[in-house]
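Student: I've got this model open on my screen and I'd like to take one part of it slowly. Could you walk me through a single loop residue and then work outwards from there?

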Amino acid sequence: MSYAQRIEPGTRVSLGGIDPRDTSGVGKAQGQERFVALNAELAGLQELLYAAGTHGVLMILQGMDTSGKDGAVRGVLMNVNPQGCRVESFKVPTEEDLAHDFLWRVHKVTPGKGMLGVFNRSHYEDVLIARVHRFIPEEVWRARYEQINQFEQMLAASGTVILKFFLHISKDEQEKRLMEREQDPTKAWKLSASDWRERQYWDDYQRAYEDAISNCSTPHAPWYVVPADKKWFRNLAIAEVLAGTLRQHVPTWRAALDAMSAARVAELRTYREGLNAR
């Protein structure tokens, strides 16, 4: 079963109809046991991805403040080899970024073949915060849906496996986590007044996310909505989708590795035959 809800192309998502507290009937102990197994499997899958070098993987994490993007990176990818993984976080655009098209800063850090790339926020900010705060007119952000789809289709055609996760947190849970940060000296450094200011735009963000997800969930780059009020379930749901998707490419990766192995053995045999002929 899938713990995250895949949004099928051409369908309209209603975030209000998806419970952020949902755990698909899975208890915490059972879920954590399942997560440990998936985590170990992901380590092996990433090793095959890296060694075969036929695909790149791009995992996009979006969500409201405190929804757990950083926690998901730490938890889901705890066992992968850092040599084959790169995390990109997108902050406020720089002057150089703004001098280019909105996809410029994103395209240059997409993962190469063999790499697992994670975007902590992404190009979707340009149809979310840019829309909510009216940094750009409606005709501009509406046109970006198709521009994003074309961009992601080009990446997929070049061998990039794309998975997009919206970490769906409730407004009450967000407030609880913000208050916990304020009361915990070890986490207070994360505090920002903007986190509280942005809460007044909660409904606007929900509508913006619904439009972005509905318009940009495609066969080659699907969106998944992950109930994120329970941190352990959030990580389980992401790990389950990621492992299930990578699993589908194992035959291709093993075939590529078998071909490479045969070529290397043949090369070594030729080298040794040359030495013996001298």
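Tutor: Arg 121 sits in the loop that runs between β4 and α5. Keep in mind as you look that this is a predicted model. The backbone is worth a glance here: phi of Arg 121 is near 70°, a positive value in a residue that isn't glycine. Arg 121 also belongs to the lining of the largest pocket, where Asp 65, Lys 69, Phe 90, Lys 91 and Arg 121 are the residues nearest the centre.

So let's stay with that pocket for a bit. The space in it comes to about 1400 Å³, and 44 residues line it. Sorted by class, that lining has 21 charged residues, 14 nonpolar and nine polar. Several helices take part, with α2 (69-76), α3 (95-98), α4 (104-107), α5 (129-132), α7 (171-183), α8 (193-198), α9 (202-216) and α10 each supplying at least two residues. The top contributor is α2, with four.

Now look at the loop that leads into α2 from β2, which is where you'll find Thr 66. Thr 66 has a positive phi too, near 75°, and again this is a residue other than glycine. Thr 66 counts as buried because its relative accessibility is 9%, and the cut-off for buried is under 20%.

Step back from that loop into β2 itself, residues 56-63, and you're in well-covered territory: eight of its eight residues are buried. Side chains in a regular strand alternate between the two faces of the sheet. In β2, Gly 56, Leu 58, Ile 60 and Gln 62 point one way, while Val 57, Met 59, Leu 61 and Gly 63 point the other, and all of them are buried. What does β2 pair with? Parallel to it runs β4 (residues 116-120), joined to β2 by five bridges, with Met 59 standing opposite Val 118. Also parallel to β2 is β5, and eight bridges join these two; here Leu 58 stands opposite Ile 162.

Following β5 (residues 160-168) brings you to the second largest pocket, since that strand gives the largest share of its lining, four residues. The volume of this pocket is about 190 Å³. Its lining is made up of 15 residues, with Val 161, Pro 219, His 220, Thr 245 and His 249 lying nearest the centre. By class, they divide into seven nonpolar, seven polar and one charged.

Thr 245 is a handy place to pause. You'll find it in helix α10, residues 231-247, and Thr 245 counts as buried because its relative accessibility is 12%. Leaving out residues up to four places away in sequence, Thr 245 touches Val 161 and Leu 163.

Finally, zoom out to the whole protein. There are 11 helices and six strands, and 50% of the 278 residues count as buried. The C-alpha atoms fill a box of roughly 80 × 50 × 40 Å along the principal axes. Of the contacts with a separation of 6 or more, 82% are between residues 24 or more positions apart. On the outside, the protein exposes about 14200 Å², and carbon and sulfur atoms supply 50% of that.

Notes
Residues are numbered from 1 along each chain as its sequence is written. Side-chain values use heavy atoms; hydrogens and water are left out. Buried means under 20% relative accessible area, exposed over 50%, partly exposed in between (1.4 Å probe, protein chains only). Contact means heavy atoms within 4.5 Å. On a 1 Å grid over the protein atoms alone, a cavity is a set of points where a 1.4 Å probe fits but cannot get out, and a pocket is an open set with protein on both sides within 12 Å along at least five of seven lines; lining residues have an atom within 4 Å of a point. Grid points are joined across faces, edges and corners, and a volume is the space filled by probe spheres set on the points. Ala, Val, Leu, Ile, Met, Phe, Trp, Tyr, Cys and Pro count as nonpolar, Asp, Glu, Lys and Arg as charged, and the others, Gly among them, as polar. Two strands pair if DSSP finds at least two bridges between them. Accessible areas come from the Shrake-Rupley method with a 1.4 Å probe; for residues, only the protein chains shown count as cover.
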